[in-house]
Amino acid sequence: MDKFRMIFQFFQSNQESFMNGICGIMALASTQMYSAFDFNCPCLPRYNLAYGLGILLVPPFILFLLGFVLNNNISMLAEEWRRPQGQRGKDPAVLRYMFCSMAQRAMIAPAVWVSVTLLDGKCITCAFCTSVPVETLGNASHPHLSQGEIQRVLARIPCKEIYNGEQLIANEVAIRYLRCISQALGWCFVLLMTTLAFLVRSLRPCFSQAAFLKSRYWSHYIDIERKLFDETCAEHARSFAKVCIQQFFEGMSTDLVAARCHLPRKAPADAEEAAKKLLGITDRGTMNMALKSWHRCKPPLHLHPPALPTGNGWAGEGQPPMQPSAPRRETAAYYSWV
């Protein structure tokens, strides 16, 4: 149990580890789904190809879309892509990094499905059983069979219980031939995926490591900023609800006192603390305006100390001439949210 707890804590350590764990679980689930899948080839000339290629390609496409759906960053990517320009520019490199990162993780489960399917060989056997070279492996000069009848006989190769073409070609010979081709394609696919992953991991730092680090940093920043914004909104909503409920009960107690029902009144200890967390946003319209402002014009990514207020406005708006000879003073300013 301790090992499982450590693995679970590692998956929860950051967003990438969590998504890697999700993709690993999906890869294992894809192998379990294929092993539990009851493969039944229709054994008909016009349907074998569609059924075999459908089982080979359709589930990976579904798993690929499911990998995007389970990725929490897909909504963040869409929001960052569709939001207005505002006060913060949109970096295409960060958007590309986020999309490529999600696509790479979403491709794991489909790649596992295709690899397992090709190595098993049932789909290729069903899809291309009518393409077996009878001239090489069987008796192509079998009498009393037209081309259409030969195709119907070959289409029954995956179904041993109804196959009746032993005089044309042995069932075991055709299955072994197709399965060898399928396994060769499977190992080539595994080798190709492994080589591509190796090249991406090893050659990427040699060309664009600085750009990659910047894109990765700002991608993490967008994720963390969104989480902190959600947590801040949830904390503000909790404080807002607490103050509303407290004002409701205070009003009810005032009405009861006016009705000559003397009830003990005791101010809650955390009433002032909840009011401070509202940060001056104490009505629905102002909160909606703040949310719209966050979406339309996010603050620029430039940290600077707050400007000091003056009689004519904010001191930070203008650029007064510098006087190096004047002594430097430190001023403390206190603010209150209204």
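Which residue's side chain meets that of Glu 80 in a salt bridge? In this predicted model, the partner is Lys 298, and the N to O distance of the bridge is 4.0 Å. Glu 80 belongs to helix 4 (residues 73-82), whereas Lys 298 sits in the loop between helix 12 (284-296) and strand 1 (309-310), so the salt bridge ties together parts of the chain that are 218 residues apart in sequence. Neither end of the pair is open to the surface in the sense used here: Glu 80 counts as buried because its relative accessibility is 6%, and Lys 298 counts as buried because its relative accessibility is 6%.

Lys 298 is a useful place from which to look outward. Beyond its neighbours within four places in sequence, Lys 298 is in contact with Glu 79, Glu 80, Arg 83, Gln 87, Arg 88, Glu 225 and Ser 293. One of these residues, Arg 83, is 215 residues away from Lys 298 along the chain, yet the C-alpha atoms of the two are separated by 9.6 Å.

Two other residues in that contact list, Arg 88 and Glu 225, form a salt bridge with each other, in which the closest N and O atoms are 2.8 Å apart. Arg 88 lies in the loop between helix 4 and helix 5 (92-106), while Glu 225 lies in helix 10, so this pair ties together parts that are 137 residues apart in sequence. Both Arg 88 and Glu 225 are buried.

A salt bridge within a single helix offers another case. Arg 176 and Glu 172 both lie in helix 10, where four residues, about one turn of the helix, separate them, and their closest N and O atoms are 3.3 Å apart. Arg 176 counts as exposed because its relative accessibility is 54%, a value over the 50% cut-off, whereas Glu 172, with a relative accessible area of 40%, is partly exposed. Returning to the pair described at the start, salt bridges that share partners join Glu 80, Arg 83 and Lys 298 into one network. The count of salt bridges comes to six.

These pairs can now be set within the chain as a whole. The chain has twelve helices and two strands, and, read along the sequence, it follows the pattern α-α-α-α-α-α-α-α-α-α-α-α-β-β. Among contacts with a separation of 6 or more, 77% are between residues 24 or more positions apart. Of the 338 residues, 26% count as buried, and the chain exposes about 23,900 Å², of which carbon and sulfur atoms supply 63%.

The buried nonpolar residues include two separate cores. The largest nonpolar core has 13 residues, and those with the most contacts inside it are Val 132, Leu 154, Ile 157, Tyr 163, Leu 168, Ile 169 and Ala 174. Helix 9 (147-154) and helix 10 are the elements that give two or more residues to this core. Apart from it lies another core, of eleven residues, among them Cys 41, Ile 55, Leu 118 and Cys 123.

Cys 41 also appears in the surroundings of Asn 48, a residue found in helix 3 (residues 48-70). Asn 48 is buried because its relative accessible area is 1%. Not counting residues up to four places away in sequence, Asn 48 touches Cys 41, Pro 42, Cys 43, Cys 126, Ala 127, Cys 129 and Ala 155.

The record adds an annotation that can be set beside the model. In an unreviewed UniProt entry, "transmembrane region" covers residues 21-37, 49-70 and 184-203. Over residues 49-70 the model is 100% helix and 0% strand, with the end C-alpha atoms 32 Å apart. Residues 184-203 are likewise 100% helix and 0% strand, and the end C-alpha atoms of this span lie 28 Å apart.

On the surface, Leu 192, Leu 196, Phe 198, Leu 199, Leu 203 and Phe 207 make a nonpolar patch of about 630 Å². Phe 207, one of these residues, lies in helix 10 (residues 171-258), and Phe 207 counts as exposed because its relative accessibility is 71%. Helix 10 thus returns in several parts of this account: Glu 225 lies in it, Arg 176 and Glu 172 both lie in it, and the largest nonpolar core draws two or more residues from it.

Note on methods
Residues are numbered from 1 along each chain as its sequence is written. This is a predicted model: local features need pLDDT of at least 70, side-chain atom pairs count only at pLDDT 80 or more; totals for chains, interfaces and linings use all residues. Side-chain values use heavy atoms; hydrogens and water are left out. Patches are made of residues with over 30% relative accessible area and no salt bridge: like charges are joined within 9 Å, nonpolar side chains (Val, Leu, Ile, Met, Phe, Trp, Tyr) within 5 Å. Accessible areas come from the Shrake-Rupley method with a 1.4 Å probe; for residues, only the protein chains shown count as cover. Buried means under 20% relative accessible area, exposed over 50%, partly exposed in between (1.4 Å probe, protein chains only). Contact means heavy atoms within 4.5 Å. UniProt positions are given in the numbering used here, feature names are shortened, and annotations may be inferred rather than shown by experiment. A nonpolar core is a set of buried Ala, Val, Leu, Ile, Met, Phe, Trp, Tyr and Cys residues joined through side-chain atoms within 4.5 Å.
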